[in-house]
Every structure is written in structure tokens, then in C-alpha cells.
Amino acid sequence: MKVIIEWRYRTPRGTETVFHSDEMKAAHAMLIAEDLEKTGRTKSLKFIDQHENTWTVKQMKSFLKEIKTEPHNITVYFDGGFDQTTKGSGLGCVIYYDQNGKSYRLRQNASVLELTSNNEAEYAALHLCIKELENLNVHHTSVKIIGDSRVVINHLTEEWPAIEQNLYTWADRIEAKMKALGITPEYELVSRKGNTEADKLATQALNGIEITATIEVL
């Protein structure tokens, strides 16, 4: 979760003003808030999240304590490939996350036969990622979603319309699942070189190589 700090400052002579910080991760915001309170000139301080909800320092401390045992600081990479000759598709999913003070990387791929295009494979790959997030019990948090598909990213950010009906269906399915889990997506479009892990997994799936692995990232 990302938040903004709203800090009401008071000078020794009683003059007051309000400052707002840049948006930052909640854990970083808490460190800054605790430092601001040490100045002795903080009349009030609160956090404002991406949904305009306000949090007191006590509430934020409780929230940060709770999420230590749950996956957080989550980044997802997705990629899909479609073979015109075999009509087969390969889906690649990579998820980085923190939990219990450690960092992890999950890799998952899948081969699929019922898809009809590369664009549909890209949507299916993202849907696979969302299902993996559900398996990790990810809920009510922001998730950074990275891919090299302009069609998927620009459609889900409402930059472009989806022309094909089946792509609308995939987008609706993905958005409904994220809403049910309370996931707030933050989309980022990258080049293919910036998505090499997920691309490799999709290619391996097309070649019949199945990957399911989770490791600790040191």
C-alpha cells in the first residue's frame, strides 16, 4: 500500500501550517512519521491511502504489523505466446513478494490449447498470475503488474479499447477477480527485454517444459 503523509506543523510561537508528502510505501511513511513526531512540533499527523482513506499512526502501526505475515510489496510479470502452427499457447508468470521478513520469487507457466491469438495468450497469462496471487492469499493490497503487451496494458488502463469480444471477456474476468480479492493494480508497460523472465517461461511452456517453483531471493 502507498500513502501520503499529512502533517500539521506548529512553530514554538504557535504558527501552524499543513504539509503533504509525496506518495510512498506505507512502511517508509511510518519511518518518516516517527521521525517527524520526535521534533515535538507535530500537532497532528495522518496517512491518506490511494482510496482516500485516512489512517492514524496507531492504525498504520497495527496494519504494518499484520501484513508482515502476509505477502506484500508484490510485483507481477506476465507474458503469453501463441504458436500459429500448433495453435498452442504458452503462459508465463513471475511474482516477487515479501513475507515474514524475507523476499521470494514465484515462477509458474502453463500450456493451453483453446486460445486463438497472441493477444488472448497475453490476457490468459495475466489471469494465471491473478490466480497465483489468490493461491498466495494476497488480498486488499496494491500490486505492480508489468508486461510487454501494449494491448493488455493499454486496455486495462483504459488507454485503448479492446476490439475483439473475447479480449473484453478476459479483461472482465481479470478485473472481477482483482476486485473480489481487493487488489489495486498498478500497471507498467515495458519492452520485451524488460520482461525476459516471464517471456522465457512462456516459451518453455510452448516447448512442453513445465515450471512451478518458489525460491527465497537473497
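Which strands does helix α6 (residues 196-206) lie across, and at about what angle to β7 does this helix run? The legends below take up this question and other close-up views of the predicted model.

**Figure 1. Overview of the predicted protein model.** The protein contains 6 helices and 11 strands. Its C-alpha atoms fill a box of roughly 80 × 40 × 30 Å, taken along the principal axes. Of the 218 residues, 43% count as buried. The accessible surface comes to about 12400 Å², and 48% of this area belongs to carbon and sulfur atoms. Among contacts with a separation of 6 or more, 69% are made by residues 24 or more positions apart.

**Figure 2. Helix α6 against the sheet strands β6, β7 and β8.** Helix α6 lies across β6, β7 and β8 and runs at about 140 degrees to β7. The buried residues in α6 are Ala-198, Asp-199, Leu-201, Ala-202, Gln-204 and Ala-205. The strands against which these buried residues pack are β6, β7 and β8. Just after the helix, Gly-208 adopts a positive phi of about 80 degrees.

**Figure 3. The open sheet of 6 strands.** The strand order is β10-β9-β6-β7-β8-β11, and the pairing is mixed. Strands β10 (183-189) and β11 (212-216) form the edges, each pairing on one side only. From one strand to the next, the twist averages 20 degrees. At the β11 edge, the partner strand is β8 (residues 102-112), and the two pair in the antiparallel sense over 5 bridges. Within this pairing, Tyr-104 has Glu-216 of β11 as its bridge partner.

**Figure 4. Helix α3 across five named strands, β6, β7, β8, β9 and β10.** Helix α3 comprises residues 118-135 and runs at about 150 degrees to β6 (72-82). The other strands beneath this legend's title are β7 (89-99), β8, β9 (141-147) and β10.

**Figure 5. The largest nonpolar core.** This core has 34 residues, of which Ile-95, Leu-126 and Leu-133 touch the most other members. Two or more residues come from each of β6, β7, β8, α3, β9, α4 (150-156), α5 (165-181) and β10. Helix α3 gives the most to this core, with 9 residues. Nonpolar side chains tend to be buried together in soluble globular proteins. Not counting residues up to four places away in sequence, Leu-126 touches Phe-78, Ile-145, Val-152, Leu-156 and Ile-174. A second core, separate from this one, has 17 residues, including Met-24, Ala-26, Met-60 and Leu-64.

**Figure 6. The surroundings of Trp-55 in strand β5.** Strand β5 spans residues 54-55. Trp-55 counts as buried because its relative accessibility is 19%, and the cut-off for buried is under 20%. Leaving aside neighbours within four places in sequence, Trp-55 is in contact with Met-1, Lys-46, Phe-47, Asp-49, Met-60 and Phe-63. With one of these residues, Asp-49, the side chain of Trp-55 makes a polar contact, side chain to side chain, at 2.9 Å. Trp-55 and Met-178 lie 23 Å apart in space, C-alpha to C-alpha, and 123 residues apart in sequence.

Technical notes: Residues are numbered from 1 along each chain as its sequence is written. This is a predicted model: local features need pLDDT of at least 70, side-chain atom pairs count only at pLDDT 80 or more; totals for chains, interfaces and linings use all residues. Side-chain values use heavy atoms; hydrogens and water are left out. Two strands pair if DSSP finds at least two bridges between them. Helices (H or I, at least four residues) and strands (E, at least two) are DSSP runs, numbered from the N terminus. Axes are lines fitted to C-alpha atoms, for helices over the stretch in contact, and angles run from 0 to 180 degrees between N-to-C directions. Contact means heavy atoms within 4.5 Å. A nonpolar core is a set of buried Ala, Val, Leu, Ile, Met, Phe, Trp, Tyr and Cys residues joined through side-chain atoms within 4.5 Å. Buried means under 20% relative accessible area, exposed over 50%, partly exposed in between (1.4 Å probe, protein chains only). Accessible areas come from the Shrake-Rupley method with a 1.4 Å probe; for residues, only the protein chains shown count as cover. A polar contact is a pair of N or O atoms within 3.5 Å; within protein, one must be able to donate a hydrogen and the other to accept it, and residues adjacent in sequence count only if both atoms are side-chain atoms.
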